[in-house]
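Me: I would like a close look at one part of this model, namely its charged side-chain pairs and the surroundings in which they sit. Please take the pairs in turn and connect them to the strands and loops around them.

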Amino acid sequence: MKRYKLISLLILGLALLSSSCVKEDLKEPNREGELVDMSLTILMQQFDSSAGMTETKSVTTDDGITITYGTAPATRQTAELSNESSINDLWVVQCLDNTSFRVSYIPSVGALQQVTLNGVNYSAYKVSVPMVRVDYVYRHGVDPPQVLLIANTADPNLFAGVYAMSDLWEKMDRVVNSEAEVTANNRIVMTGNYVGSIPLDYDNPYPELTRNSLMIDMFRSVVKLEVTVNPVSTLTSGEFVGYPLTLNKVQIESASRWIPLKAGMKSATRYPAVSYRSTQNYSDYFMDYPEESLTFGNKMNWYLAPNRRGVGPNVTTQAKSRFNDPSYFELSDTYNYYSYATRIVLKGTLDGKPIKFRIYPGGSYWDPEVDETMINSYNLTPNTVYSLNITINGVSRNDQRIEYEFPMRYE
């Protein structure tokens with residue numbers, strides 16, 4: 001009998017020890033610094049529509065220019081990129097703390113797939129990459145670790161020579177020198193980020209994902225501008241009623257040359273940053289796109305780098321001009337004033353003399369402290385479509401958007 005009890009106690013002890021080991025395994029003791037093979041599910045987000053920021057989609061004034069702010073179309077036009085969601089190459093940047101990081105370059109991520117998470121269908125890419133184990137998100141008073149994704153740089157040497165975190169952040173902007181470089185290789189630069197433990201915590205909200213899986217939203221780092229100019233023959237209002245207006249050229253002025261590679265660059269600060277002036281002429285961070293022929297009724301499309309100039313004191317569309325661009329006086333030298341806000345310039349002739357119309361797109365939801373609308377905003381933010389439909393019926397000398405040699409008045 002005593003022998004039986006002894007055997008029973010031994011079996012019970014082994015069972016308790018086994019249970020304890022299982023619990024210890026579940027707890028995943030701290031093994032920070034080890035490499036873990038992680039599966040990334042990269043969810044492609046749609047372009048945001050700037051029209052969603054205001055209930056007033058159409059703004060008509062007595063100046064003879066009607067601008068309708070439309071929504072992003074479901075069907076892309078022939079002049080647009082057919083692969084706005086295409087990812088070719090991918091950088092995975094894991095910031096471990098305030099001083100150390102790890103970068104991995106994936107030259108090809110494969111095809112876009114359809115995945116279902118919590119009953120919702122997404123278009124996504126799936127890749128596997130080794131990452132450093134980080135069990136505790138908040139530790140030692142440092143910032144939480146971040147995983148930054150940067151897609152479509154087509155540059156396997158992007159982070160060459162980067163050894164310090166300060167060097168890394170200096171690489172978080174991409175400089176382009178032409179319109180073609182914004183969509184180099186017919187692809188758009190994209191970014192995404194993740195903050196949290198690696199592998200996932202036990203309270204993973206997506207049962208479809210394992211602990212060694214991360215879901216990361218991917219956003220385009222560029223702006224999309226859609227413009228349609230409606231046919232015009234003779235003016236019906238203003239000082240030149242009955243006069244023929246000819247518009248035959250269009251140009252994008254003051255396009256930013258800086259594309260942010262840091263994920264979620266949707267802040268209320270100026271971008272490109274004003275501080276850049278300390279090292280270089282600020283105007284060098286902007287460029288004009290080539291002049292193009294204007295065809296009435298056709299939707300024209302451009303991809304641009306973000307350009308945040310701020311919110312102006314505009315109360316009418318007439319006043320949305322360079323004079324109310326917040327950077328007009330802020331960044332200018334004595335007697336030399338410049339507007340760095342991106343604008344659409346329509347060019348032609350009226351009564352035999354050159355005429356220009358400068359239309360400023362804008363609008364953003366990213367600063368909740370500011371009452372920002374399409375009329376007063378000079379902000380172009382990433383992953384956003386700005387769609388404008390323009391009709392010109394009249395010309396007014398009081399319209400600050402018009403550049404024209406008006407005849408003198410004798411009163």
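Reply: D399 is buried, since its relative accessible area is 2%, and in this predicted model the side chain of D399 meets that of R401 in a salt bridge with an N to O distance of 2.7 Å. R401 counts as buried as well, because its relative accessibility is 4%, which lies under the 20% limit for that class. In general, side chains of opposite charge can pair when their charged atoms come close. The pair of D399 and R401 is one of nine salt bridges that a search of the whole structure finds.

Another of these pairs is formed by K224 and E226, whose side chains meet in a salt bridge at 3.6 Å, N to O. K224 has its place in strand 13, which covers residues 223-229. K224 counts as buried because its relative accessibility is 0%, and E226 likewise counts as buried, its relative accessibility being 0%. The side chain of K224 is also joined to the side chain of E84 by a polar contact of 2.9 Å, so that K224 has both the salt bridge with E226 and this polar contact to be considered in a description of its surroundings.

A further salt bridge is the one between E253 and R343, in which the closest N and O atoms are 3.0 Å apart. This pair links distant parts of the chain, for E253 belongs to strand 15 and R343 to strand 22 (residues 343-350), with their positions 90 residues apart in the numbering. E253 counts as buried because its relative accessibility is 9%, and R343 falls in the buried class because its value is 12%. The two residues also take part in a network of salt bridges that links E253, R343, R358 and E403.

The strands that carry E253 and R343 lead on to the sheet. Five strands, in the order 19-15-22-23-27, form an open sheet in which the pairing is antiparallel. Strand 19 (292-293) and strand 27 (402-404) stand at the edges, and because each has a single partner strand, one side of each is left without a neighbour in the sheet. As a general matter, strands of a sheet pair through backbone hydrogen bonds, in either the parallel or the antiparallel sense. Here strand 15, which runs over residues 245-253, pairs with strand 19 in the antiparallel sense over two bridges, and V250 stands opposite E292 of strand 19.

Elsewhere in the chain, a polar residue with an arginine partner completes this look at the side chains. S86 is found in the loop between strand 4 (65-70) and strand 5 (90-95), and it counts as buried because its relative accessibility is 16%. The side chain of S86 makes a polar contact of 3.4 Å with the side chain of R187. When its neighbours within four places in sequence are left aside, S86 is in contact with Y125, N152, R187 and M190. S86 and A151, which are 65 residues apart in sequence, have their C-alpha atoms 9.2 Å apart in space.

Definitions and conventions: Residues are numbered from 1 along each chain as its sequence is written. This is a predicted model: local features need pLDDT of at least 70, side-chain atom pairs count only at pLDDT 80 or more; totals for chains, interfaces and linings use all residues. Side-chain values use heavy atoms; hydrogens and water are left out. Two strands pair if DSSP finds at least two bridges between them. Helices (H or I, at least four residues) and strands (E, at least two) are DSSP runs, numbered from the N terminus. A salt bridge is a side-chain nitrogen of Lys or Arg within 4 Å of a carboxyl oxygen of Asp or Glu. Buried means under 20% relative accessible area, exposed over 50%, partly exposed in between (1.4 Å probe, protein chains only). Contact means heavy atoms within 4.5 Å. A polar contact is a pair of N or O atoms within 3.5 Å; within protein, one must be able to donate a hydrogen and the other to accept it, and residues adjacent in sequence count only if both atoms are side-chain atoms.
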